[in-house]
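Student: I am new to this structure and would like a close look at a single part of it. Please take one helix and follow what packs around it.

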Amino acid sequence: TADEARKTAPRASLPAAPLSDQRPKDKRAAVLDAALVLFAERGFHGTAVPVIARRARVAAGTVYRYFDSKERIVNALYQQHKQRLAQRILSQVDQSD
């Protein structure tokens, strides 16, 4: 049956986690960093939350503690990088005055 085939089918390997065996101190930042790398490698739809969690070295529940969904992770990444870009632009404007 389909259930038996699913149980015996080999699982796709998850991406390697960071070299450090220590849990991250800033788990939210670790989730965002892992998600950014995985979204770039696999695309949004090709990246599951448990894969993000494993790459970030946190439990999947920890991801959901900080973010309600993958969409929220993408939104947080967008906001973070938009803010960094704005700061860089403003610092260049300030230097040119």
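Tutor: What follows is an account of helix H2 and its surroundings.

This is a predicted model, in which local features need pLDDT of at least 70 and side-chain atom pairs count only at pLDDT 80 or more, while totals for chains, interfaces and linings use all residues. Residues are numbered from 1 along each chain as its sequence is written, and side-chain values use heavy atoms, with hydrogens and water left out.

The chain has five helices and zero strands. Helices (H or I, at least four residues) and strands (E, at least two) are DSSP runs, numbered from the N terminus. Along the sequence the pattern reads α-α-α-α-α. Of the 97 residues in the chain, 25% are buried; buried means under 20% relative accessible area, exposed over 50%, and partly exposed in between (1.4 Å probe, protein chains only). Among contacts between residues at least 6 apart in sequence, 65% join residues at least 24 apart, where contact means heavy atoms within 4.5 Å.

Helix H2 covers residues 27-42. At 1.5 Å a residue, its 16 residues should span 22 Å, and the end C-alpha atoms of H2 are 22 Å apart, which agrees. The expected span of a helix is 1.5 Å times one less than its number of residues. The buried residues of H2 are Ala 30, Val 31, Leu 32, Ala 34, Ala 35, Leu 38 and Phe 39. Their cover includes H3, helix H4 (60-66) and helix H5 (70-96).

Two packed helices are described by the angle between their axes and the distance between the axes. Axes are lines fitted to C-alpha atoms, for helices over the stretch in contact, and angles run from 0 to 180 degrees between N-to-C directions.

Take H3 to begin with. H2 and helix H3 (residues 49-56) pack at an angle of about 120 degrees, and their axes are 8 Å apart. H2 and H3 are therefore oblique to each other; angles under 35 degrees count as roughly parallel, over 145 as roughly antiparallel, 65 to 115 as roughly perpendicular and the rest as oblique. On the H2 side, the contact is made by Ala 30, Val 31, Ala 34, Ala 35, Val 37, Leu 38, Phe 39, Glu 41 and Arg 42, and on the H3 side by Val 51, Ile 52, Arg 55 and Ala 56. By class, this contact of H2 with H3 has ten nonpolar, no polar and three charged residues. Here Ala, Val, Leu, Ile, Met, Phe, Trp, Tyr, Cys and Pro count as nonpolar, Asp, Glu, Lys and Arg as charged, and the others, Gly among them, as polar.

H3 itself is mostly covered, with six of its eight residues buried. These are Val 49, Val 51, Ile 52, Ala 53, Arg 55 and Ala 56. H2, H4 and H5 are among what covers them.

The other partner is H5. H2 and H5 pack at an angle of about 95 degrees, with axes 10 Å apart. That makes H2 roughly perpendicular to H5. H2 contributes Arg 28, Val 31, Leu 32, Ala 35, Leu 36 and Phe 39 to the contact, and H5 contributes Lys 70, Ile 73, Val 74, Ala 76, Leu 77, Gln 80 and His 81. The residues of the contact of H2 with H5 divide into nine nonpolar, two polar and two charged. In H5, the buried residues are Lys 70, Ile 73, Ala 76 and Leu 77, and they pack against H2, H3 and H4.

Next come the loops on either side of H2. Phe 44 lies in the loop between H2 and H3. At 24% relative accessibility, Phe 44 counts as partly exposed. Leaving aside neighbours within four places in sequence, Phe 44 is in contact with Phe 39, Lys 70, Glu 71 and Val 74. Phe 44 and Val 74 are 30 residues apart in sequence and 8.4 Å apart in space, C-alpha to C-alpha.

Arg 23 lies in the loop between helix H1 (2-8) and H2 and is exposed, with a relative accessible area of 59%. With neighbours within four places in sequence left aside, Arg 23 is in contact with Arg 57 and Val 58. Arg 57 is found in the loop between H3 and H4. Arg 57 has a positive phi of about 60 degrees although it is not a glycine. Most residues other than glycine have a negative phi.
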